[in-house]
Amino acid sequence: GLIVSNANNKFRVSNPEPPKVDDRFDSINPDAAKDFIDFSPERLFAPLSINNVIIDFTVPGVGKDALVSGFGAVYVDVDKPHVTKAIYYDKQNCVLAEEFVDAQKDGLSFL
């Protein structure tokens with residue numbers, strides 16, 4: 001399983017249920033919604049009020065920590081270079097890698 005958290009545990013998913021009512025977070029800021037494009041059809045995920053996101057992996061149905069051999073993410077509308085990054089940790093919480101996301105204003109960045 002995948003567990004997503006941050007300091008305040010506030011997140012938003014666009015279009016949580018049909019009908020399509022919040023395609024690109026229109027309800028939060030209608031003017032900014034035009035800057036977002038979808039990678040997965042009609043689904044965007046975003047933390048609210050804080051930009052740090054922690055992702056933990058567990059064995060589904062057991063709750064035991066799991067190890068993965070790889071992980072990737074799609075970032076939307078990264079405006080500034082050398083600001084947005086991902087940090088990967090091992091099971092002892094030691095940093096394995098730290099990579100900046102390529103800036104792609106009004107576009108998609110893959111890491």
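**Exercise 1. Determine whether Phe 71 is buried, partly exposed or exposed, and describe its surroundings.**

Step 1. Phe 71 has a relative accessibility of 34% and therefore counts as partly exposed, the class between buried (under 20% relative accessible area) and exposed (over 50%), computed with a 1.4 Å probe on protein chains only.

Step 2. The model is predicted, so that local features need a pLDDT of at least 70 and side-chain atom pairs count only at 80 or more, whereas totals for chains, interfaces and linings use all residues. Residues are numbered from 1 along each chain as its sequence is written, and side-chain values use heavy atoms, with hydrogens and water left out.

Step 3. Phe 71 is placed in the loop between β4 (54–57) and β5 (74–76), where strands are DSSP runs of E with at least two residues, helices are runs of H or I with at least four, and both are numbered from the N terminus.

Step 4. Leaving aside residues up to four places away in sequence, Phe 71 touches Ile 55, Phe 57, Tyr 88 and Leu 111, a contact being heavy atoms within 4.5 Å. Tyr 88 is 17 residues from Phe 71 along the chain, and their C-alpha atoms are separated by 9.0 Å.

**Exercise 2. Find how many aromatic pairs the whole structure holds, and classify what is found.**

Step 1. A search of the whole structure gives one aromatic pair. Rings of Phe, Tyr and Trp (its six-membered ring) pair if their centres lie within 6.5 Å, and planes under 30 degrees apart count as stacked, over 60 as edge-to-face and the rest as tilted.

Step 2. The ring centres of Phe 57 and Phe 71 are 5.7 Å apart and their planes stand at 65°, so this pair is edge-to-face.

Step 3. Distant parts of the chain are linked by the pair, since Phe 57 belongs to strand β4 and Phe 71 to the loop between β4 and β5, 14 residues apart. Phe 57, with a relative accessible area of 22%, is partly exposed.

**Exercise 3. Identify which residues make the nonpolar surface patch, and place Phe 45.**

Step 1. Leu 2, Val 13, Phe 45, Val 53, Ile 55, Val 68 and Phe 71 make a nonpolar surface patch of about 550 Å². Patches consist of residues with over 30% relative accessible area and no salt bridge, nonpolar side chains (Val, Leu, Ile, Met, Phe, Trp, Tyr) being joined within 5 Å and like charges within 9 Å; a salt bridge is a side-chain nitrogen of Lys or Arg within 4 Å of a carboxyl oxygen of Asp or Glu.

Step 2. Phe 45 sits in strand β3 (residues 45–47), and its relative accessibility of 45% makes it partly exposed.

**Exercise 4. For Ser 49 and Asp 77, state the phi angle, the location and whether each is buried or exposed.**

Step 1. Ser 49, although not a glycine, has a positive phi of about 75°; it lies in the loop between β3 and β4 and, at 75% relative accessibility, is exposed.

Step 2. Asp 77, also not a glycine, has a positive phi of about 60°; Asp 77 is in the loop between β5 and β6 (85–89) and is buried, at a relative accessible area of 14%.

**Exercise 5. Describe the chain as a whole and the confidence of its prediction.**

Step 1. The chain contains zero helices and eight strands, and 14% of its 111 residues are buried.

Step 2. Mean pLDDT, the predictor's confidence in each residue from 0 to 100, is 83 for the chain, with 86% of residues reaching 70 or more. Confidence is lowest in strand β2 (residues 11–13), at a mean of 78, and highest in strand β7 (residues 95–100), at 94.

Notes:
Areas by Shrake-Rupley, 256 points an atom, 1.4 Å probe, with all protein chains shown as cover.
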